[in-house]
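The following exercises ask the reader to examine salt bridges, aromatic pairs and the nonpolar core in a single structure. Each task is followed by a worked solution.

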Amino acid sequence: MAGQRLTDKTALEQQAGSGDLLMVVDVSDSSGSAQGTSKKMDFKYVIQTDKFSLNNTEVQALDTTPKVLVGALSGYMVTPLSVTVLVTYAAPTESSSDNLYFGFDSSSDSAYWGQVRDMMQSASTDRTYILSAYSGSSGACATSILNKPFEMWANSAFNGGWSCDVYVTYAYTKVL
């Protein structure tokens, strides 16, 4: 509402996401006033968390149908901060020793941001997996990650009865 103070507005009582707008004052742009110019900003340019729910059919197809978790944005790279996978167990128990990967090139099992080895192998209860950005045992993308989506995939077909909710926390980073 025009003329209404920000402090009089109702509070957003849930996590903001892509498409939600913030008002900012761009102090480097003095076209509106000497103090800066009011502009809108999409929340996707701030750290955010998105949730994806995968049923068992989608889980079992991750080797042939990777799941895009964060879409590509022209001129930006996706900077993943963490991935949390909440797994809901259902029979049958996973008997494969397949790996779950997260990264920018699902065509290569050696170029990944993070992985869960032997995902759900022999597990017969719900599980939680938490991955975060770190150096060391994670792979590397053989090409630039500029303009690339962040994906989840498997090296082979899972055979257990589980499903999962995946929470990915990330930011878009402008490449200058």
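The exercises below concern a predicted model.

**Exercise 1. Salt bridges**

Task: Determine how many salt bridges the structure contains, and state which parts of the chain each of them links.

Solution.

Step 1. The criterion is a side-chain nitrogen of Lys or Arg within 4 Å of a carboxyl oxygen of Asp or Glu. By this rule the count comes to three salt bridges.

Step 2. Consider K39 and D26, whose closest N and O atoms are 2.8 Å apart. K39 belongs to strand 2 and D26 to strand 1 (residues 21-26), so this salt bridge ties together parts that are 13 residues apart in sequence.

Step 3. K39 also meets D29 in a salt bridge, at 3.1 Å from N to O. Here D29 is in the loop between strand 1 and strand 2, while K39 is in strand 2, ten residues apart. D26, D29 and K39 are thereby linked in a network of salt bridges.

Step 4. The remaining pair to examine is K51 with D165, where the closest N and O atoms are 3.9 Å apart. The pair links K51 in strand 3 to D165 in strand 10, and 114 residues separate the two in sequence.

**Exercise 2. Accessibility of the charged residues and of T37**

Task: Classify K39, D26, K51 and D165 by relative accessibility, and then decide whether T37 is buried or exposed.

Solution.

Step 1. Buried means under 20% relative accessible area and exposed over 50%, with partly exposed in between.

Step 2. K39 has a relative accessibility of 34% and therefore counts as partly exposed. D26, at 22%, is likewise partly exposed.

Step 3. The value for K51 is 46%, so K51 is partly exposed. D165, at 23%, also counts as partly exposed.

Step 4. T37 has a relative accessible area of 12%, and is therefore buried.

Step 5. To describe the surroundings of T37, begin with its place in strand 2 (residues 37-42). Not counting residues up to four places away in sequence, T37 touches V24, V25, D26, D29, S30, S31 and G32. Its side chain reaches the backbone nitrogen of S31 at 3.4 Å.

**Exercise 3. Aromatic pairs**

Task: Count the aromatic pairs, and classify the geometry of the pair F158 and W162.

Solution.

Step 1. A search of the whole structure finds seven aromatic pairs.

Step 2. For F158 and W162, the ring centres are 5.1 Å apart and the planes stand at 70 degrees, so the pair is edge-to-face. Both F158 and W162 are buried.

Step 3. Elsewhere, ring pairs join Y76, Y170 and Y172 into a cluster.

**Exercise 4. The nonpolar core**

Task: Identify which residues of the largest nonpolar core touch the most other members, and which strands supply at least two residues each.

Solution.

Step 1. The largest nonpolar core has 32 residues, of which L69, V83, V85, F102, M119, F150 and V166 touch the most other members.

Step 2. Among the strands that each supply at least two residues of this core are strand 3 (48-54), strand 5 (76-88) and strand 10 (163-174).

Step 3. Take V85 as an example: not counting residues up to four places away in sequence, V85 touches F102, M119, R127, T128, Y129, C164, D165 and V166.

Notes
Residues numbered from 1 in each chain as written. Predicted model: local features only at pLDDT ≥ 70, side-chain atom pairs only at ≥ 80, totals over all residues. Heavy atoms only, no water. Core = buried A, V, L, I, M, F, W, Y, C linked by side-chain atoms within 4.5 Å. Buried < 20%, exposed > 50% of the residue type's maximum accessible area, 1.4 Å probe, protein only. Helix = DSSP H or I, 4+ residues; strand = E, 2+ residues; numbered from the N terminus. Contact = heavy atoms within 4.5 Å. Polar contact = N/O pair within 3.5 Å; in protein donor to acceptor, adjacent residues only side chain to side chain. Phe/Tyr/Trp six-rings, centres within 6.5 Å; stacked < 30°, edge-to-face > 60°.
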